[in-house]
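Please open the model in your viewer, show the side chains as sticks, and follow the stops below in order. Each stop says what to select and then what is to be found there.

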Amino acid sequence: MQSSDSTVSTARLSRATDEIWVVDDAPISAAGLKLPVRMTVIRLSNGDLVLHSPVRYSPALQDELERLGAIRYLLAPNIAHWMFLSDWQRALPQLTTFAARGLSARRQVRAARVRIDRELGDSAPEEWRADLEAVSVNAPMFCEIELFDKRSRTLILTDLVQNLDPDDLSAPNEAAANLLGVSKPNGMAPVYLRLLLRLGGRSARAAAERLVRLSPERVIFAHGDWFKTDGTGRLRRSLHWLLPAGASGSEPRQMIGTRVVITGASSGIGRATALAFASEGASVVLAARRGEVLTSLAAECEALGGRALAIPTDVTDAEAVQRLAREAEDAFGGIDVWINNAGTGVFGAYQDADIALHRRTIEVNLLGTMHGAFAVLPIFLRQNRGILINNISLGGWAPTPFAAAYTASKFGLRGFTASLRQELRAHRKIHVCGVFPAMVDTPGFVHGANVSGRTLDPGPLLYQSEDVAQTFVSLVHAPRDEVAVGWPARAGQFAYAIAPQVAENIVGAGFRFLLSRARPAKSSEGTMLEAGPQGTSIDGGWLSRKQLPPAGVISKGLAAFGIAACLAFVASKAGRTPERRVRTKRGRA
């Protein structure tokens with residue numbers, strides 16, 4: 001939605017399922033195109049109503065909805081669908097308003113005094129989780145929250161699919177709809193949105209694949225004729241431009257029967273890893289401190305076709321990790337892959353943090369991984385096979401200033417992984433792999449402690465959790481000793497190996513400069529000592545807030561530009577050479 005008008009609501013309410021209704025309203029004008037608009041009304045199991053992408057408010061519509069249940073929640077599912085929120089908020093000030101990331105920061109939203117109570121990431125609010133799953137589709141300058149009703153297998157989108165009926169459009173509007181690619185029966189996202197989503201990298205592709213894997217029976221969206229039947233097939237056709245190559249939805253899943261244990265699974269890389277393996281048909285065992293988050297994630301994994309078991313575990317407790325291994329083996333008959341992914345850190349001058357935070361960093365990052373290896377290796381040895389993957393970090397190759405305990409844990413973890421690998425060389429079917437990601441957009445900065453007194457900013461070159469998750473998947477297919485995720489990780493390794501003092505001085509000077517320019521912030525222990533509700537998404541929202549493409553996309557773009565520039569240079573040289581030769585010959589004559 002880009003512009004509104006003063007049209008009085010002519011909303012028509014119709015039932016889609018036992019617990020879902022659609023409200024079709026008069027069109028709006030969006031860049032000259034007349035777009036029909038639709039609100040989806042979801043009744044939760046407790047009788048509360050969620051109004052997804054609210055249309056124009058009217059007392060008559062409110063009365064009609066209140067006969068269905070108590071209106072409790074408004075959802076602005078992307079950064080364009082918010083224009084009618086203020087009218088609903090004035091009429092019903094007690095409502096809770098959820099929104100896609102980035103909406104509350106928009107100047108137009110602040111000017112309109114729209115109240116946003118909470119922005120959503122890649123998980124549904126706790127109040128909705130029994131009935132709904134949320135999937136966040138992210139790209140530069142765009143974020144959309146998709147909802148999946150588990151009871152009726154109904155997927156609710158907004159602009160990711162548009163499917164306008166040409167019979168309802170004027171001739172100029174029909175031409176515009178065809179140009180944008182939003183005409184029935186093969187409607188997609190408009191072409192400008194498709195371009196943005198292609199810049200969303202692996203995260204956007206993984207989200208699209210996840211939506212198809214949910215196998216919806218019907219798909220509702222805000223503009224055009226929604227898919228009342230054959231939801232999965234029609235959705236796949238509408239998203240074919242975004243789905244990963246070969247993701248037809250009917251290909252055999254290569255990891256059916258593979259049993260995978262993932263620590264630190266409740267958010268970030270761990271959450272992305274769980275969903276990636278579940279999409280491949282694997283059986284996943286999810287471990288983290290937050291049991292309720294794991295239970296919800298397990299349901300999402302099973303909806304994707306994998307089996308899932310949630311086991312709340314604190315990896316600093318050796319006995320708890322032993323119990324995790326026993327329960328995983330009992331549930332699935334063995335363990336094929338163990339991924340030590342749990343990690344944390346404290347940022348700031350070493351002496352400014354309580355020693356308990358430094359100790360906790362070592363306990364989680366290094367001892368937690370050692371506990372995992374100690375618990376699973378006897379199982380691997382009995383089976384005579386298995387893959388142990390330790391998520392280490394760029395910080396295991398190059399020291400990170402103002403993160404001394406983190407650096408100590410990661411250097412130790414790299415050494416531990418290499419040592420263990422050599423011990424097990426005689427067991428050719430047991431592999432020990434180290435993964436070294438560069439900076440990744442995760443909720444880790446929310447979970448870690450910050451005693452620097454400054455606001456943290458991970459910078460513009462951020463990889464996605466899905467990049468690391470896909471590396472884990474590839475290691476199961478083809479194990480390797482060490483793998484870097486992102487060229488900055490390899491660059492850091494190379495620089496520190498060749499010129500360690502120069503590398504240290506450059507990085508140290510860079511960190512001191514950035515801290516001197518950063519905004520003040522209160523010190524925080526994050527969730528290091530006590531688990532908290534914050535940060536359950538795959539990403540940390542950094543790329544969304546910065547409106548930047550992920551580092552993987554930027555790197556490919558720079559590589560393509562470099563190759564093109566080299567080819568152009570070679571071509572220009574080749575084109576000028578004959579001319580010089582001709583002139584030389586003429587001069588001699």
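## Aromatic pairs

Select Phe511, which is partly exposed, with 26% of relative accessible area. Since this is a predicted model, every value on this tour is computed from the predicted coordinates.

Keep Phe511 selected and add Phe347, which at 14% relative accessibility counts as buried. A search of the whole structure finds 10 aromatic pairs, and Phe347 and Phe511 form one that is tilted, with 6.4 Å from centre to centre and 40 degrees between the planes. This pair links distant parts of the chain, because Phe347 belongs to strand β16 (residues 346-347) and Phe511 to helix α16 (residues 500-517), 164 residues apart.

Now move to Phe411 and Tyr496, whose rings make an edge-to-face pair at 6.4 Å centre to centre, with 85 degrees between the planes. Which helices does this pair tie together? Phe411 lies in helix α12 (residues 404-423) and Tyr496 in helix α15 (residues 487-498), so the pair connects parts that are 85 residues apart in sequence. Phe411 is partly exposed, with a relative accessible area of 26%, and Tyr496 is likewise partly exposed, with a value of 22%.

To end this stop, select Tyr73, Phe98 and Trp128 together, which ring pairs link into a cluster.

## Charges over rings

Select Trp226 and Lys228, and turn the view until the ring of Trp226 faces you: the charged end of Lys228 sits over this ring, 4.5 Å from its centre. Then select Trp542 and Arg545, where the charged end of Arg545 sits over the ring of Trp542, 4.8 Å from the ring centre.

## Salt bridges

Stay in this part of the chain and select Lys546 with Asp457, which form a salt bridge whose closest N and O atoms are 2.7 Å apart. Asp457 lies in the loop between β20 (449-450) and β21 (463-464), whereas Lys546 lies in helix α17 (residues 542-546), so the salt bridge ties together parts that are 89 residues apart in sequence. Lys546 is partly exposed, at 26% relative accessible area. For a group of charged residues, select Asp122, Arg210, Arg271 and Glu300, which salt bridges with shared partners join into one network.

Next, select Arg90 and Asp87, a salt bridge in which the closest N and O atoms are 2.3 Å apart. Both residues lie in helix α2 (residues 85-91), three residues apart, or about one turn of the helix. Are these two partners buried or exposed? Arg90 is exposed, with a relative accessible area of 59%, while Asp87 is partly exposed, with 29%.

Then select Lys184 and Asp165, where the closest N and O atoms of the salt bridge are 4.0 Å apart. Lys184 lies in the loop between α4 (171-180) and α5 (191-198), and Asp165 in the loop between β10 (154-156) and α4, so this pair ties together parts that are 19 residues apart in sequence. Lys184 is partly exposed, with a relative accessible area of 34%, but Asp165 is buried, with 18%. The count for the model comes to 27 salt bridges.

## Backbone features

Keep Lys184 and add Pro185, which is found in the loop between α4 and α5. A cis peptide bond joins Lys184 and Pro185, with omega at about 10 degrees. Most residues other than glycine have a negative phi, and most peptide bonds are trans.

With that in mind, select Asn384 in the loop between α11 and β17 (386-391). Asn384 is not a glycine and yet has a positive phi of about 60 degrees, and at 41% relative accessibility it counts as partly exposed. Gln547, in the loop between α17 and α18 (551-588), also has a positive phi in a residue other than glycine, here near 55 degrees. At 44% relative accessibility, Gln547 counts as partly exposed.

## A buried asparagine

For the last stop, select Asn365 in helix α11 (residues 355-383). Asn365 is buried, with a relative accessible area of 1%. Which side chain does Asn365 join in a polar contact? The partner is Ser409, and the contact between the two side chains spans 3.1 Å. Leaving aside residues up to four places away in sequence, Asn365 touches Ala342, Gly343, Thr344, Tyr406, Ser409, Lys410 and Leu413.

Definitions and conventions
Residues numbered from 1 in each chain as written. Predicted model: local features only at pLDDT ≥ 70, side-chain atom pairs only at ≥ 80, totals over all residues. Heavy atoms only, no water. Salt bridge = Lys/Arg side-chain N within 4 Å of Asp/Glu carboxyl O. Helix = DSSP H or I, 4+ residues; strand = E, 2+ residues; numbered from the N terminus. Buried < 20%, exposed > 50% of the residue type's maximum accessible area, 1.4 Å probe, protein only. Phe/Tyr/Trp six-rings, centres within 6.5 Å; stacked < 30°, edge-to-face > 60°. Lys NZ or Arg CZ within 6 Å of the ring centre and 35° of its normal. Polar contact = N/O pair within 3.5 Å; in protein donor to acceptor, adjacent residues only side chain to side chain. Contact = heavy atoms within 4.5 Å.
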